[in-house]
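Grab a coffee and open the viewer. Here are some exercises to work through, each with a solution that goes step by step.

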Amino acid sequence: MRTITKVCTAAVAVLALSVTASACGSDSGGGGQASGGKTTITFWDNNGGVRTPLYQELIKRFEQANPTIHVEYVGIPIASVQQKYDTAIAGGETPDVGGVTTSYLAGLTGQQALEPADDWLAKSPANGKLLDSMLASVKRTDPGGKLYMVPATSNLDVVWYQKDKLSAAGIQAPKTWDEFFAAADKLTKAPDQYGWTIRGGAGSIFQLLAEAYAYSGVTEFFDASGKSTVNDPGNVELVSKIAALYKKDTPEADVTNDFPKMVAQFTSGKVAMMHHNLGSYNDHVKAFGADKIDAFPMPVGASGKRTIVANPVDGFAVFKNSEHKDAAWKFVDFLVSKDSNSYWNQQTGQIPANKDAQADSWLDERPYLKNAVQVLGDPSTVVVSPPYYLPQFSSITKADTEPLFQKVLLGRMKPQEFLDTLARKLTEAQAEWKQSHS
C-alpha cells in the first residue's frame with residue numbers, strides 16, 4: 001500500500017507540475033523558448049487596433065533579421081492598457097516589452113516594474129540618434145531623472161480642418177484665438193454644419209488644458225509655491241468661451257464625445273474644424289483625401305508667444321520580469337532604428353524620435369507635419385510640461401474630472417468651480433509627491 005501510495009502521489013505531483021507549467025506557458029505575459037530553439041518574447045502594443053498591421057510588419061522584418069527570436073504580439077485597447085499593466089504587475093505576468101507613454105510611466109516605475117534604459121542606450125546604436133527633447137520628457141517622469149522608457153514618437157495638438165469649407169467661407173487658417181472663435185461662428189450653418197466640435201467625453205481634459213494654456217500663455221503647471229496654475233484667470237476665460245460654443249457652434253451630442261465619436265462627426269462632413277493631434281491623420285485622409293484636409297497649431301494667445309502643452313511621449317519599455325532581456329532590448333533597438341521609426345511614423349502621421357528618420361522626404365510631403373516639427377523646434381515656442389510624474393495625474397484628469405467638464409457644458413457647474421476643483425486635486429498630488437521625494 002505504501003508503495004502504491006508513493007507511486008500515486010508522485011504521479012499526481014508530476015501531473016500537477018505538468019498542468020502548472022502548461023498554464024504558465026499559455027497565460028504568462030513573459031517570453032519563453034519557442035520550438036526549434038528560438039527565443040520567444042512577448043510584446044504588448046498599448047494602442048492595439050488600427051496600429052496592429054504596422055507592428056505585424058515590423059515584427060516580420062525583425063524576425064527575418066533575427067531568426068533566433070520570435071515576437072508574440074498582443075494588442076491592448078488604449079482605454080484599458082493602464083489597468084492591464086497594473087493587473088499584470090500584481091500577478092507577475094508582465095510582457096517582455098511593452099508600449100508605454102509618459103502619461104502613466106510614473107505609475108509603472110513606482111511599482112518597480114521596468115528595467116532602467118540608461119545603460120542600454122549608452123551602448124546602443126540609437127545613442128545620440130534620439131531627440132533630446134523626447135528623452136528629457138521621459139526622464140522628467142522619474143524623481144532621479146532615470147530613463148525607463150525609450151522614446152519612439154511624440155505628437156502635437158493641432159486643429160484639423162476641411163480646406164474647402166474654410167475656402168468657401170473666405171476664411172484663412174486662424175492664427176489667433178480671436179480669429180478662431182470668429183471662424184467657428186462663421187462656419188456654423190446649424191443643424192447641417194457646425195464650425196467646431198468639443199470632446200466632452202473620454203479624453204476631454206487633456207485637450208481642454210492644451211487649449212487653455214495656449215490661450216492664457218501660462219508657462220508652468222505649478223507656481224513657485226507648488227500651487228496648480230490650472231485655475232489661472234486666463235484658463236478660466238478660455239473654458240468659459242469653449243463652453244459658450246456648445247450647442248451654438250457645435251453639435252449637441254458633443255457632451256459625450258470620445259475620440260471615435262468626435263472623428264466620426266468631423267469625417268462625416270458635419271464639422272469644419274476639430275482639435276486633436278497628428279495621430280488622427282489617417283482617419284481624415286481616408287474620409288476626404290490628403291489634398292482636402294490640413295491642420296494648424298493651437299492659436300497664439302494674448303502673450304503673443306505660441307504656448308503648447310507637451311503631448312505624452314510614446315515609446316517602449318523592457319519589464320523587469322523578462323527572462324530574455326537581451327532579446328527584448330534587441331527588439332527595442334530595432335523599433336527605434338531609423339528605418340523602423342520612419343516607417344511607423346509615416347504610417348501614423350506622427351513625429352519620429354529618431355533624428356535621421358526626421359530627415360526623410362515623406363515629412364516634406366506633409367506640410368502640416370513639417371510645420372509641427374518646426375513649431376516644436378522653434379526656440380520661441382513655449383512648452384508647458386504636464387506633471388506626468390504624478391502617479392495620480394492620469395486618474396485626476398480622467399475619471400475624477402471628465403464628468404465635471406460635462407457639467408460645465410450642460411450649465412450645471414461654473415468654469416471657475418470646475419478648474420478650482422481640478423487645481424486643488426493637482427496641488428494636493430504635487431504636495432504629496434514632493435513630500436515623498438524630499
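Rings of Phe, Tyr and Trp (its six-membered ring) count as a pair if their centres lie within 6.5 Å. Keep in mind that this is a predicted model.

**Exercise 1. Find out which residues are linked into a cluster by ring pairs, and work out whether the pair Tyr 161 and Phe 296 is stacked, tilted or edge-to-face.**

Solution.
- Step 1: Start with the whole structure, where a search turns up 27 aromatic pairs.
- Step 2: Now take one of them: the ring centres of Tyr 161 and Phe 296 are 5.7 Å apart, with the planes at 40 degrees. Planes under 30 degrees apart would be stacked and over 60 edge-to-face, so this pair is tilted.
- Step 3: Put the two rings on the chain. Tyr 161 belongs to strand β6 (residues 157-162) and Phe 296 to strand β8 (residues 293-297), so the pair ties together parts 135 residues apart in sequence. Both Tyr 161 and Phe 296 are buried.
- Step 4: For the cluster, click through Phe 43, Tyr 55, Phe 62, Tyr 73, Phe 316, Phe 331, Phe 334 and Trp 344, which ring pairs link together.
- Step 5: A charge can sit over a ring too: the charged end of Arg 61 is 4.4 Å from the centre of the Tyr 343 ring and sits over it.

**Exercise 2. Track down the residues with the most contacts inside the largest nonpolar core, and say how many residues that core has.**

Solution.
- Step 1: Some background first: in soluble globular proteins, nonpolar side chains tend to be buried together.
- Step 2: The largest nonpolar core here has 72 residues, and Trp 120, Trp 160, Phe 316 and Phe 331 have the most contacts inside it.
- Step 3: Ask where the core's residues come from. Helix α13 (residues 325-335) gives the largest share, 7 residues.
- Step 4: Zoom in on Phe 331. Setting aside neighbours within four places in sequence, Phe 331 is in contact with Ile 41, Phe 43, Ile 59, Phe 62, Val 71 and Val 97.
- Step 5: Another core, of 56 residues, lies apart from the largest one; among its residues are Leu 209, Val 239, Ile 242 and Met 298.

**Exercise 3. Compare two helices: decide how far α4 is enclosed, and where the buried residues of α16 fall around its axis.**

Solution.
- Step 1: In helix α4 (residues 102-110), 7 of the 9 residues are buried, so the rest of the structure largely encloses this helix. The buried ones are Thr 102, Ser 103, Tyr 104, Leu 105, Ala 106, Leu 108 and Thr 109.
- Step 2: What does the covering? It includes α3 (81-91), β4 (97-101), α6 (132-139) and α17 (393-397).
- Step 3: Over in helix α16 (residues 367-377), the buried residues are Tyr 368, Leu 369, Ala 372 and Val 375. Looking down the axis of α16, they fall within an arc of 115 degrees, so they line one face of the helix.
- Step 4: That spacing fits a general rule: an α-helix has 3.6 residues a turn, so residues three or four places apart point the same way.
- Step 5: The buried residues of α16 pack against β6, α12 (281-288), β8 and β11 (351-352), while Pro 367 and Gly 377 are exposed on the other side.

**Exercise 4. Tour the loops: what kind of peptide bond joins Ala 190 and Pro 191, and is Asn 257 buried or exposed?**

Solution.
- Step 1: The bond between Ala 190 and Pro 191 is cis, with omega about 5 degrees. Pro 191 sits in the loop between α8 (177-186) and α9 (204-216).
- Step 2: Gln 112 has a positive phi, near 55 degrees, without being a glycine. Its loop runs between α4 and α5 (118-122), and Gln 112 is exposed at 61% relative accessible area.
- Step 3: Lys 247 also isn't a glycine, yet its phi is positive, about 70 degrees. Lys 247 lies in the loop between α10 and α11, and its 51% relative accessibility makes it exposed.
- Step 4: Asn 257 is found in the loop between α10 (233-245) and α11 (259-267). At a relative accessible area of 2%, Asn 257 is buried: the cut-off is under 20%.
- Step 5: Beyond four places away in sequence, the residues Asn 257 touches include Thr 197, Arg 199, Gly 201, Met 262 and Gln 265.

How values were computed
Residues are numbered from 1 along each chain as its sequence is written. This is a predicted model: local features need pLDDT of at least 70, side-chain atom pairs count only at pLDDT 80 or more; totals for chains, interfaces and linings use all residues. Side-chain values use heavy atoms; hydrogens and water are left out. Helices (H or I, at least four residues) and strands (E, at least two) are DSSP runs, numbered from the N terminus. Buried means under 20% relative accessible area, exposed over 50%, partly exposed in between (1.4 Å probe, protein chains only). Contact means heavy atoms within 4.5 Å. A nonpolar core is a set of buried Ala, Val, Leu, Ile, Met, Phe, Trp, Tyr and Cys residues joined through side-chain atoms within 4.5 Å. A charge sits over a ring if NZ of Lys or CZ of Arg is within 6 Å of the ring centre and within 35 degrees of the ring normal. The arc is that of the directions from the helix axis to the C-beta atoms.
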